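This report goes through one protein chain and its ligand. Please keep the sequence and the 3D view at hand while reading.

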Amino acid sequence: MLDLEQYRVGDLPTLYYVPDAITPAEEQSLLTHITASKQQWKTVSGRRLQNLGGIVHKKGLIPAPLPSWLQPLLGRLAQDTGAYGEGKQPNHVLINAYQPGEGILPHEDGPLYHPVVVILSLQNPAVVRFARKRRDEQQSDAAAAAEGAESHGRAGQLVASVACMPRSLLIFKDEAYSGCLHGILEAAVEDIDASVVNAQQAGLQVGQALPRGGERISLTVRRVLHTYSLGLRL
Ligand SMILES: O=C(O)CCC(=O)C(=O)O
């Protein structure tokens, strides 16, 4: 089990950045499986997306088996981070593939998930930016539930950014999960500005430009709180 407090970054409760959480060989193996996967990619606002573990419905997860090649990673993340609750495993993974210049709009993950997110970055970097929910977005939890999982909103003040380098983990919870929206700019080059709370841990300097380089793949690993039992008619 990692001592997560060692990896805490910035003042926003609560962000953790774990550099080099997997080895280059493990990264390569995951990329090979992802590339070979028969799972369909969906294109969403430019980026490509694979949904593993089932469909997140407005009242919970309609489960589907997770691929066997992912199981060791999921078990390890659960054990090393304790992010999903004692003895609990993640049951849902989104794989996002971004070309430089592609991003993800500010959004919150909403009340359907155990409120701790683990994001593993592969291949190339990007900066995840956290901005406060605007007052008029505070009611969006209900809207998120109605939509299925996530709700896009207008971001307020930028409060923290985390540079996610290849093979690193970003873990967030508390205010960062429930009081903020998170997103990635549609940028080919990231500005490592003063909001980047892990510049040092990521081996970067505030003020520098960080080219996104090439395709970045990320795995968003979460636990949907409620799971439908298979066979239930909706
Ligand atoms: O790619 C990332 O780091 C962010 C992904 C994300 O926010 C999501 O899958 O909801």
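## Burial and the overall chain

A residue is called buried when its relative accessible area is under 20%, exposed when over 50%, and partly exposed in between. R212, with a relative accessible area of 1%, is therefore buried. The model is predicted.

Buried residues account for 49% of the 234 residues in the chain. The chain has four helices and 16 strands. Taking contacts between residues at least 6 apart in sequence, 82% join residues at least 24 apart. The accessible surface of the chain is about 11000 Å², and carbon and sulfur atoms supply 51% of that surface.

## Ligand site

There are 14 residues around the ligand, and those that come nearest are Y98, H107, R216, S218 and T220. Three side chains place an N or O atom at short listed distances from a ligand oxygen atom: for S218 the distance is 2.7 Å, for R216 it is 2.8 Å, and for H182 it is 3.0 Å. On its own the ligand has 290 Å² of accessible area, and the protein covers 99% of this.

## Salt bridges

Side chains of opposite charge can pair when their charged atoms come close. With a cut-off of 4 Å between a side-chain nitrogen of Lys or Arg and a carboxyl oxygen of Asp or Glu, the count is 10 salt bridges.

One of them joins E215 and R48, whose closest N and O atoms are 3.0 Å apart. This pair links distant parts of the chain, since E215 is in the loop between β15 (209-211) and β16 (216-222) while R48 is in strand β3 (residues 47-52), 167 residues apart. R48 is partly exposed, at a relative accessible area of 30%. Another salt bridge is formed by the side chains of E175 and R132, at 2.9 Å from N to O. Here too distant parts of the chain are linked: E175 belongs to helix α4 (residues 174-178) and R132 to strand β9, 43 residues apart. E175 is partly exposed, with a relative accessible area of 32%, and R132 is partly exposed, also with a value of 32%.

## The buried pair E190 and R212

Is the pair E190 and R212 made of buried or exposed residues? E190 has 1% relative accessibility and so counts as buried; R212, likewise with a relative accessible area of 1%, is buried. Their side chains meet in a salt bridge of 3.4 Å, N to O. E190 lies in strand β14 (residues 189-191) and R212 in the loop between β15 and β16, so this salt bridge ties together parts that are 22 residues apart in sequence. Both residues belong to a network of salt bridges that links R129, E190, D193 and R212.

## E102, a buried residue without a salt bridge

E102 is in the loop between β6 (92-98) and β7 (104-108). Which side chain of opposite charge is nearest to E102, and how far away is it? The nearest is R212, 6.6 Å away, and E102 is buried yet has no salt bridge. A salt bridge requires the nitrogen and the oxygen to be within 4 Å.

Not counting residues up to four places away in sequence, E102 touches G46, R47, A97, I184, L185, E186 and R212. R212 is thus among the contacts of E102, while the salt bridge of R212 described above is with E190.

## Helix α2 at A78

A78 is in helix α2 (residues 71-81). With 10% relative accessibility, A78 counts as buried. Apart from neighbours within four places in sequence, its contacts are A83, Y84, K88, Q89 and P90. From C-alpha to C-alpha, A78 and M1 are 9.0 Å apart in space, although 77 residues separate them in sequence.

## Backbone geometry

The peptide bond from P13 to T14 is cis, with omega near -5°. T14 sits in the segment before β1 (15-18).

Where do Q123 and R167 lie, given that each has a positive phi value? Q123, with phi near 80°, is in the loop between β8 (116-122) and β9 (126-133). Q123 is partly exposed, at a relative accessible area of 35%. R167, with phi near 75°, is in the loop between β11 (155-164) and β12 (169-173). Neither Q123 nor R167 is a glycine.

Note on methods
Residues numbered from 1 in each chain as written. Predicted model: local features only at pLDDT ≥ 70, side-chain atom pairs only at ≥ 80, totals over all residues. Heavy atoms only, no water. Helix = DSSP H or I, 4+ residues; strand = E, 2+ residues; numbered from the N terminus. Buried < 20%, exposed > 50% of the residue type's maximum accessible area, 1.4 Å probe, protein only. Lys, Arg positive; Asp, Glu negative; His and termini not counted. Contact = heavy atoms within 4.5 Å. Near = heavy atom within 4 Å. Polar contact = N/O pair within 3.5 Å; in protein donor to acceptor, adjacent residues only side chain to side chain. Areas by Shrake-Rupley, 256 points an atom, 1.4 Å probe, with all protein chains shown as cover.
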